[in-house]
Amino acid sequence: MSFANCPRCHHIFRKSPENKICAACQTAEDAAYTKVANWLSDHPGATLREVAEATEVEERIISRLIREGRLTLLENLHADDQPRCRRCDVRITRGTMCPTCAQTFSESVTDSVRSLMNPSDKRIHPVRGPLNREEKRKWDSSS
């Protein structure tokens, strides 16, 4: 059991893989999502500012709901307010990158990690990094 400060309200709460924010903030975020989703379904083509003013939910919260993939009624949001990929500027439905750029980014990170690890040096564990003295002796004696 671990405790953490809520990144939104800074109160202490019991953190788990499912709970990244405290229960009070989660309840408020769920209520904001419901307001926005209901309003957007009745008012397609609204701008982010219009949605924020009508629902009294801050634009940054609406944007976060979109980034996290919780708000999926994006076809009802005005085209200028739909989120865009950070790398290629194509419209996206969740996150910060389109699937193509995310794949490219993932591959480049994987390649960078592989290039940092010299496969010819047996004393480097592929996950943990350099071996300790005892493990090095084992590797050296088996070579």
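A residue is called buried when its relative accessible area is under 20%, exposed when that area is over 50%, and partly exposed in between. With this in mind, select Cys88, which at a relative accessible area of 41% is partly exposed. The model on the screen is a predicted one.

Stay with the cysteines for a moment. A disulfide is a covalent bond between the sulfur atoms of two cysteines. A pair of cysteine sulfur atoms has to lie within 2.5 Å to be counted as a disulfide, and by this rule the count here comes to zero. Select Cys85 next: the nearest cysteine sulfur belongs to Cys101 and is 3.7 Å away, and Cys85 is in no disulfide. Cys85 is buried, at 3% relative accessibility. Returning to Cys88, you will find that its closest cysteine sulfur is that of Cys98, at 3.7 Å, which is too far for a bond.

Now move to helix H2, residues 48-55, and select its buried residues, which are Leu48, Val51, Ala52 and Thr55. Because they cover an arc of only 95° around the axis, they sit on the same side of H2. Color helix H1 (23-42) and helix H3 (59-67) as well, since the buried residues of H2 pack against both of these helices. On the face of H2 turned away from its buried side, select the exposed residues Arg49 and Glu53. Just after H2 comes Glu56, whose phi is positive, near 60°.

From Arg49, which has a relative accessible area of 54%, look across to Glu59, which is partly exposed at 31%. The side chains of Arg49 and Glu59 meet in a salt bridge, 3.8 Å from N to O. Arg49 belongs to helix H2 and Glu59 to helix H3, so this pair ties together parts that are ten residues apart in sequence.

The count of salt bridges comes to four, and another of them joins Arg64 to Glu29, with the closest N and O atoms 3.2 Å apart. As Arg64 lies in helix H3 and Glu29 in helix H1, the pair ties together parts that are 35 residues apart in sequence. Both residues are buried, Arg64 with a relative accessible area of 13% and Glu29 with one of 6%. Add Arg8 to the selection, and you have the residues Arg8, Glu29 and Arg64, which are linked in a network of salt bridges.

Finish in helix H3 with Ile61, which is buried, with a relative accessible area of 17%. Select Tyr33 too: Ile61 and Tyr33 are 28 residues apart in sequence, and their C-alpha atoms are 8.9 Å apart in space.

Key:
Residues are numbered from 1 along each chain as its sequence is written. This is a predicted model: local features need pLDDT of at least 70, side-chain atom pairs count only at pLDDT 80 or more; totals for chains, interfaces and linings use all residues. Side-chain values use heavy atoms; hydrogens and water are left out. Buried means under 20% relative accessible area, exposed over 50%, partly exposed in between (1.4 Å probe, protein chains only). Helices (H or I, at least four residues) and strands (E, at least two) are DSSP runs, numbered from the N terminus. The arc is that of the directions from the helix axis to the C-beta atoms. Contact means heavy atoms within 4.5 Å.
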